[in-house]
Amino acid sequence: MADDNTSTSSTAKGYSNSPVNEALSAEEKTRLFRTMLLIRRFEERSLRAYQAKKIGGFLHLYNGQEAVAVGCCSLLGDNDHVITAYRDHGHAIAMGMDIKALMAELYGKATGCSKGKGGSMHFFDPARNFWGGHGIVGGQVPLGAGIAYALKYRGIAGACLAFMGDGAVNQGSVHETYNLAALWQLPVVFVIENNGYSMGTSQARSSAGELSKRAEGYDMDWGICGGHDIYEVRACMAKFVAQARDRSKPAIVEIDTYRYRGHSVADPDNTYRTKAEVEEYRRSKDPIQIFRNALLAEGVLDEIGATAIDAAVRAEAEAAAEFAEASPFPAVADITKDVYWEEDNPSEKQSRGRIFFG
Amino acid sequence: MPLLSYREAIRHALAEELQRDPNVVVMGEEVGQFNGAYKVTEGLLEKFGPKRIVDTPISEAGFVGLGIGASMLGIRPVIELMFWSFYAVAFDQILNNAANIRYMSGGQIHCPLVIRGPGNGGTNVGATHSHTPEAICASHPGVKVVCPATAYDAKGLLKSAIRDNDPVLFMENTLLYGEKWEVPTEEYLIPLGLADVKRPGTDLTIIAHGRAVVSSLAAAHTLEQDHGISAEVVDLRSIRPLDEETVLASVRKTHRVLLVEEGKPFCGVGAQLAFMIQEAAFDDLDAPIRRINSIDAPAIYSPPLEAQQLPDAGKIIQAAIELLR
């Protein structure tokens, strides 16, 4: 953990004592730490692959935000669901997706989680209740409410977490969805991951008022918490997830976080913030360092154990890259597969006529 | 066989599918308590209750997107757009999300939803409410596009659309809602992608969809009566998938083609058909393909002028006569 060695403020606020965190076993805490670290190392490895021109298009890295996805997703049960935007690697890993398939997707390989058809912004794993991975800012938010609608329609006690960035909060689709969720009391929690910048425009230059407080206009509950300490994320989110799941009550929660990398790798990151600002976050608020310190203080981990975990996830990230590298690209014939369900299931096809055109 | 209006036929299709499958949900603006802006859903709320017939706020991007999300988990929403013109407000949801999610997930997800409503001009409501988006929508792989011309077709196609596991965009016509056709009482389905020869003929093939089929049939009648011209009228019924075989079989029979559609000419459905016909049946053509579209401008309000902007039987007759010269 070469870049994570500086001391941090640790868990001074005492969120480790909240019931939802007290309930965690040492093993569960270690697993959360491992998942956060796996995200960090996966992102670092994917950046290297990008720089080596193995990956095309956009790459929106999650470095610095790990406690948000891991903290939120760790509260979910079998009937709870997640949807997010294009900075989706952390959520995918937090929901248990195999990083081999994720890395292969970045490489555009047939073994990728979307067979090389989605790319970085479009990871999906419905079997793990992870519904993407969506490229258009705010476009996934109505879908999240729809997932919640389906749960309520079926009488299933579950919730959907609809993640978005702070840049999404001014999109019409988001406000339309707030209204529908409140009007129909859907079991959805809108999670605003506020990393301070909608691409290169700071919150102060893009958004009027407090982001989650906009919930009041829709008569919805809202909350706000820090996103650097996973204990704080869990302590804050537990209530909102529970009331969505158990009482079908929607809410908006803003989680303040920070990204260390540019908006995407295409962002030179020299126009809207200072290097000193980034370094200060790394030094004092790094979510992995904070949790590591907490676990060391609690005696859950020791230095040797923490270092061993890091070595293991680094090796896992490396193995994922090797897997991606060795995997084949899709064939040209694959381009027109997975477009229509009916074409992919010819034995059940009812329609006739020509569906693809030359 | 009883006569049923186009509106009633759609309502019957909805009611039958609501009855058959508890996952079918009808949602949209004014579909419930108001009984439908065009009365298509009249009585359904009373019969099926508010869980199945859902009034939405005026919020197309919101409720269309919500329907897409619900469909990913197996709900089968049938979403009414009061006018298809409002699709533009939900364009991202329909053509980025519904059309692409299956693909971007590598086939892990499908979206069994129907978006339906009237997509036509001719009602003096100006350009914003008179769009005919079938060509634009059909140019997006991932969705299916259906444009029924009769009550019989509307019912059979809508039932198939609701059972389809892909997103189906179902485009009706307000000017047809009150028109009546024979519709059997027993259940039937019409597969998507199957054109219908609405009138056999030998001298030329008129290919149309939606209300243009009705105009074409009227024109074909006059052509036969007054000009001794035998026009075959092929109703596409479905734009994507498209019944290439029926189209080409007719072309090979008559050797002359007139394309009629309410949409605008540029990259319209006719443009695709003309390409397809010349590619597959060039040697069968005895004359260049002709087409009639709406006059290429936004839909004009002025009632007598709007009538002239749209295809009608007179224009079709004129073009057919010229084509046979």
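This passage describes the contact between chains A and B, one helix of chain A and one sheet of chain B in a predicted model. Local features are restricted to pLDDT of at least 70 and side-chain atom pairs to pLDDT 80 or more, whereas totals for chains, interfaces and linings use all residues. Residues are numbered from 1 along each chain as its sequence is written, and chains are lettered from A and ligands numbered from 1 in the order in which they are written.

The contact, in which two residues are paired if their C-beta atoms, placed from the backbone, lie within 7 Å, takes 41 residues from chain A and 43 residues from chain B. With helices (H or I, at least four residues) and strands (E, at least two) taken as DSSP runs numbered from the N terminus, helix 6 (141–154) of chain A gives the most to the side of chain A that touches chain B, with nine residues.

In chain B, an open sheet of seven strands with mixed pairing has the order 3-2-4-5-7-6-12, where two strands pair if DSSP finds at least two bridges between them. Strand 3 (53–55) and strand 12 (238–240) of chain B stand at the edges with a single partner strand each, so one side of each is left without a neighbour in the sheet. Strand 6 (residues 144–146) and strand 7 (residues 168–172) of chain B pair in the parallel sense over three bridges, and B:Lys144 has B:Val168 of strand 7 as its bridge partner.

Helix 2 (residues 26–51) of chain A has 26 residues and should span 38 Å at 1.5 Å a residue (1.5 Å times one less than the number of residues), which agrees with its end C-alpha atoms being 38 Å apart.
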